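User: Please go through this chain with me as a set of questions and answers. Keep the reasoning short.

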Amino acid sequence: MLPAQEERPKIREVDLFPIKNRDGTFVALRDPLDFSTQVLAFRPALLPVIALMDGRHTLDEIAAKVEKENKTKISIDQLRQVVGTLDDALFLANDRFEEHCKRVISDYLEAKVRPAAHAGVSYPADPKEIHAYFSEHFLAGPGFPKLEASHAAPRAVISPHIDLRVGGPGFASAYKQIAESDPIDLFIILGTAHFPTRFPFSATWKDFETPLGVAETDREFLERLRKGLPFDLFSDEFAHRNEHSIEFQVVYLQSILPVAPHPVKIVPILCGSFAEMVKEDVEPAKHPMAGAFIEALKREIGAEKRRVCVIAGVDLAHVGGRFGDEDMKLTPTRRKIFEESDRTMLELILKGNASKFFDFIAEEDDKRRICGFPAIYTILKAMNLRKGELLHYDQSYEKATNSLVTFCSAKFA
């Protein structure tokens, strides 16, 4: 153990958010990258201590600064206990964490399939329970009591990716369109990457495994798609490991489609951030990497003889305490204003106007954090979509954290 005058703990980039229970208010730490599965909760009084664990301050300096600026005494032994707890949870940037990362990444990349990461948490792990649970989603929304006669398959569907326990009827409204449609041969799923990626798009070669079976990834389609791109479409493959935005779509597809004679066939692609393009006011279609991908996807879909449906697994606005808007009061009036903004934006989307959709995001400077922006923009441009129908809109308000997520489902003929 280093002496206090030399030990300089550095906490990794983690999510901080308030939680309340009968014992009072706490601050929780969570790893957005999911290298650590733990969630640590501590009293707000420890926030100044955590803030000083930046790799520049020794324990002696942290103790002295906290006492001077916050009039709070904390001993070196207490600090070491905090450091030990953070280290055990893999929240510190140190050699132990680096070794853990290497093992996790290596194990995942060597695996033949992408295993279900959210079964037993966001949806049941038992197949029979999954079908029963999703059936409740269909019954919970208007117009879902039963499936109707077959109709032409939708070209594209927008589905939420919010937790299935929150957005079930939104998922059901999207997947009702597929369940009732003529058979679809291939599902191209564009999800939102919540794990940081180096490039705008990231694919995986792996099949997706859920409690309902294995959805086969169309590697031949991906091989054609990757050719000529100015970036490696698979360099961020690890981002798929714990990402829910595609997994939720896969398990829902499996639940509504018969396995025989062929399993569900998918093309799983995560969309990274377009923030740089918004900042520089460069429409994604004109961006060297995003534009090249959009054109490649357009080419491959256009060349397909199979019936293809593109699914965008997305949510809309993310505002409030969990997302950095600590001073924002999410009153019913404010939430209604956000709905009005969403619906104005959705009008552009449903008309297939990708450029005006981009302009809308840029004018707001994406302050509402529309996480579905990259995937929705991509399908509009790649498929020349022009006529969409809004199927469902809802908001999830989390009172404990004063946070709001909005989401919808839609279809394009």
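**Strands, helices and cores**

Analyst: β13 and β14 form a hairpin with four residues between them, and N402 in the turn has a positive phi of about 55 degrees. This is a predicted model, in which local features need pLDDT of at least 70, side-chain atom pairs count only at pLDDT 80 or more, and totals for chains, interfaces and linings use all residues. Residues are numbered from 1 along each chain as its sequence is written, and side-chain values use heavy atoms, with hydrogens and water left out. Helices (H or I, at least four residues) and strands (E, at least two) are DSSP runs, numbered from the N terminus.

User: How many bridges join β13 to β14?

Analyst: Two strands count as paired if DSSP finds at least two bridges between them. Strand β13 (residues 388-398) and β14 run antiparallel, and E398 stands opposite S403 of β14. The number of bridges joining β13 to β14 is ten.

User: Which residue in β14 is the bridge partner of H318?

Analyst: H318 belongs to the pairing of strand β12 (residues 318-320) with β14, which is antiparallel over three bridges. Strand β5 (residues 156-159) is also joined to β14 by three bridges, antiparallel, with A156 opposite F412. The partner of H318 in β14 is V405.

User: How many residues of β14 are buried?

Analyst: Buried means under 20% relative accessible area, exposed over 50%, and partly exposed in between (1.4 Å probe, protein chains only). Strand β14 (residues 403-412) is mostly covered. Of its ten residues, the buried ones number nine.

User: What is the order of the strands in the open sheet of three?

Analyst: The pairing in this sheet is antiparallel. Its edge strands, each pairing on one side only, are β1 (15-21) and β3 (39-42). Seven bridges join β1 to β2 (residues 24-30), and L16 has L29 of β2 as its bridge partner. The order is β1-β2-β3.

User: Why do the buried residues of α4 line one face of the helix?

Analyst: An α-helix has 3.6 residues a turn, so residues three or four places apart point the same way. In α4 the buried residues are F97, H100, C101, V104 and Y108. On the other side of α4, D95, K102 and E110 are exposed. Seen down the axis of α4, with directions taken from the helix axis to the C-beta atoms, the buried residues line one face because they fall within an arc of 105 degrees.

User: How far apart are the end C-alpha atoms of α4?

Analyst: The expected span of a helix is 1.5 Å times one less than its number of residues. For the 16 residues of α4 (residues 95-110) that gives 22 Å. The model agrees, with the end C-alpha atoms 23 Å apart.

User: Which helix gives the largest share of the largest nonpolar core?

Analyst: A nonpolar core is a set of buried Ala, Val, Leu, Ile, Met, Phe, Trp, Tyr and Cys residues joined through side-chain atoms within 4.5 Å. The largest has 56 residues, and those with the most contacts inside it are I158 and I188. The largest share of this core, eight residues, comes from helix α13 (residues 373-383).

User: Is L79 buried or exposed?

Analyst: L79 lies in helix α3 (residues 76-88). Leaving out residues up to four places away in sequence, L79 touches V49, M53, L59, I62, A63 and I74, where contact means heavy atoms within 4.5 Å. Because its relative accessibility is 0%, L79 counts as buried.
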